[in-house]
Amino acid sequence: MVSVAFINPLSDEGRQIVREMGNLDLFREDNAKLIDLVIHTRLQDISEEFIPHNYVDLAVKRLEWYIRKKNDPNFNYNKYSFLFNYDITRFDVISFYLLCQAVGVKFGPNSRESRAMVESQGKLMQSRLSEFSRIDREDLIKKILDSLLSDEKVKWTFFEDILSSRKLKLEDLVMDHGDIILNREDFIESFSSKIEHRDPDKIYNMMIGDKVKELIMNRMIMQKTEDYIYKVQQKSKREIEPNPLLLELAEKVSTVLSESFPSYGHKVGGNGEIKAAPLNPNAFPPCVKLVLEGMKSGGRNDAIILFFTPFVSYARLYPDIFRKNVTVKVSDVDPNLSVVQNEILPLIYGAAEQCTPPLFDDQPQEKININAKLGFGMHAVVELKHEGESIWYTPMSCEKVKLHLPSLCKPDKTCKRIGNPLSYYIRKLWESDETNGNPEGNED
Ligand code: SF4
């Protein structure tokens, strides 16, 4: 039978496994039982490099699965099949706690490492549940939700933390007088008299069904994971020295996250990939050059906030965004936000200052809008703890520029071959790389 700890390591069963856990130092020693379980997992690629040999390896693979799945278009599921083998539950639960402790001790809850850990737990639960039959899945979700929700009747305020951290939105929930409706019987009792000419059962399945229950369960466990990382950090402040094994694991976590994103200092990599590097204004398209000269007529605010901010931030931090087709946050590529603080914001503020009248002279509050377009919510200061409260806007297409900011579009001959100012920038970087004697697009 599947243990709920396989889905929720923070459950009573999960905590019991941790209570029985031995000396931390043993966790980096090879574990024959774990290796045996992994290599006998159905469809598992058993090449040496894909086999976790101990708890620390397993913890790293657990996070690596999420990062690679998110960023690698050629992701191979068979390298991580063991993560879906519920016979590894005991090992998996301990590796979850090791990861949370490593992240809590070294980085704390407002770090990209913490966010990756919390998001990976959410995705892993979702993927694991999808592997079960409908009956087993329903059974697991029911058991977990029963233990997470203190009462039969749950008020929406119970989800305050998850709502304020935007893991869950109010629109995801169905409510009656402030009570969250999850069960079919409650739904029928509350709404059947208001539903005409339609089957209330079908409406229940459409509006709530298993999907809302699973979503709530998933987000509650993600929130509890984050809370646990916070508690570990607070506790570690009172300790003299963190365990070296946790620091070692924290380093490995950082490496996994860094490997998945472009590094600074290179321009054109293998396969024509454009990597993040200091900006090259010579490669800017005509529309961007016009903004830098200063907006003198209408469209000033939109030009700086909606057009220039996304362009300049992606051009500097993740120019290949459209080709990679992934969702990223600024801190994925600028972990301590130093590039944002020292290069991107000064460039945006400089362009804002060039406007007539200067943008912040009459509307200083627009700085908040700029932060929001970078993904840091409506706050006066860009801070990691607010990241994710809004999305990092991708650059406008040429079509949109022509429609909303027509005075900016003064196409030259390169413009004929692109559909987005960012693509123009990349093409120009390629061309300059070829001119500089790197025609194959290889790294210098
Ligand atoms: S065509 Fe596109 S890149 Fe060229 S000036 Fe117009 S908006 Fe800018």
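This is a guided tour of the structure, stop by stop, with something to select at each one.

**The whole chain**

Start with everything on screen, and keep in mind that you are looking at a predicted model. Residue numbers count from 1 along the chain. Show the protein as a cartoon and you can trace 20 helices and three strands. Switch to the C-alpha trace and orient it along the principal axes: the spans are about 65 × 60 × 45 Å. The chain holds 444 residues, and 37% of them are buried. How are the contacts spread along the sequence? Taking contacts between residues at least 6 apart in sequence, 70% join residues at least 24 apart.

**The ligand and its shell**

Now select the ligand and bring up the residues around it. On the lower-numbered side of the list you will find Pro285, Pro286 and Cys287. The rest of the shell is Cys398, Val401, Cys409, Lys410, Pro411, Cys415, Pro421 and Tyr424. Colour these by class and you get 10 nonpolar residues, no polar ones and one charged one. Which helices each supply at least two residues of this shell? They are α12 (286–293), α19 (398–404) and α20 (421–435).

**The loop between α19 and α20**

Stay with those last two helices and pick Pro406, which sits in the loop joining α19 and α20. Is Pro406 buried or exposed? Pro406 counts as exposed, because it has 9 C-beta neighbours inside 10 Å. For a sense of distance, add Val103 to the selection: it is 303 residues away from Pro406 along the chain, and the two C-alpha atoms are separated by 48 Å.

**Helix α13**

Next, select residues 300–317, which make up the 18-residue helix α13. From first C-alpha to last, α13 reaches 24 Å, close to the 26 Å expected at 1.5 Å a residue. Look along the helix and stop at Phe308, where α13 bends by about 40°. Within four residues after Phe308 comes a proline, Pro310. Why is α13 described as largely enclosed by the rest of the structure? Because 16 of its 18 residues are buried.

While a helix is on screen, a reminder for reading its faces: an α-helix has 3.6 residues a turn, so residues three or four places apart point the same way.

**The three-stranded sheet**

Select the strands. All three belong to an open, antiparallel sheet, in the order β1-β3-β2. The edges are β1 (154–155) and β2 (175–176), each of which pairs on one side only. Zoom in on β2 and β3 (residues 179–180): this antiparallel pair is joined over two bridges. Here Asp176 stands opposite Asp179 of β3.

Between β2 and β3 there is a loop, and His177 lies in it. Check the backbone of His177: phi is positive, about 50°, although this residue is not a glycine. His177 has 6 other C-beta atoms within 10 Å, so it is exposed.

**Around α16**

Move to α16 (338–354), and begin in the loop between α15 (330–333) and α16, where Leu337 lies. Leu337 is another non-glycine residue with a positive phi, about 65° in this case. With 19 other C-beta atoms within 10 Å, Leu337 is partly exposed; the buried class starts at 20.

Step into α16 itself and select Glu343. Glu343 has 17 other C-beta atoms within 10 Å and is partly exposed. Add Leu279: Glu343 and Leu279 are 64 residues apart in sequence, yet 9.2 Å apart in space, C-alpha to C-alpha.

Past the end of α16, in the loop that leads to α17 (359–362), find Pro357. What is the geometry of the peptide bond from Thr356 to Pro357? That bond is cis, with omega near -5°.

**Last stop: Leu129 in α5**

Finish at Leu129, part of helix α5 (residues 112–130). Leu129 is buried, with 20 other C-beta atoms within 10 Å. Which residues does Leu129 contact, leaving aside neighbours within four places in sequence? Select Ile7, Arg137, Leu140 and Glu214 to see them. Of these, Leu140 is 11 residues from Leu129 along the chain, with their C-alpha atoms separated by 8.5 Å.

Note on methods
This is a predicted model: local features need pLDDT of at least 70, side-chain atom pairs count only at pLDDT 80 or more; totals for chains, interfaces and linings use all residues. The expected span of a helix is 1.5 Å times one less than its number of residues. The bend at a residue is the angle between axes fitted to the seven residues ending there and the seven starting there. A residue is buried if 20 or more other C-beta atoms lie within 10 Å of its own, exposed if 12 or fewer, and partly exposed in between; C-beta atoms are placed from the backbone. A residue is near a molecule or strand if its C-beta atom, placed from the backbone, lies within 6 Å of it. Ala, Val, Leu, Ile, Met, Phe, Trp, Tyr, Cys and Pro count as nonpolar, Asp, Glu, Lys and Arg as charged, and the others, Gly among them, as polar. Two residues are in contact if their C-beta atoms, placed from the backbone, lie within 7 Å. Two strands pair if DSSP finds at least two bridges between them.
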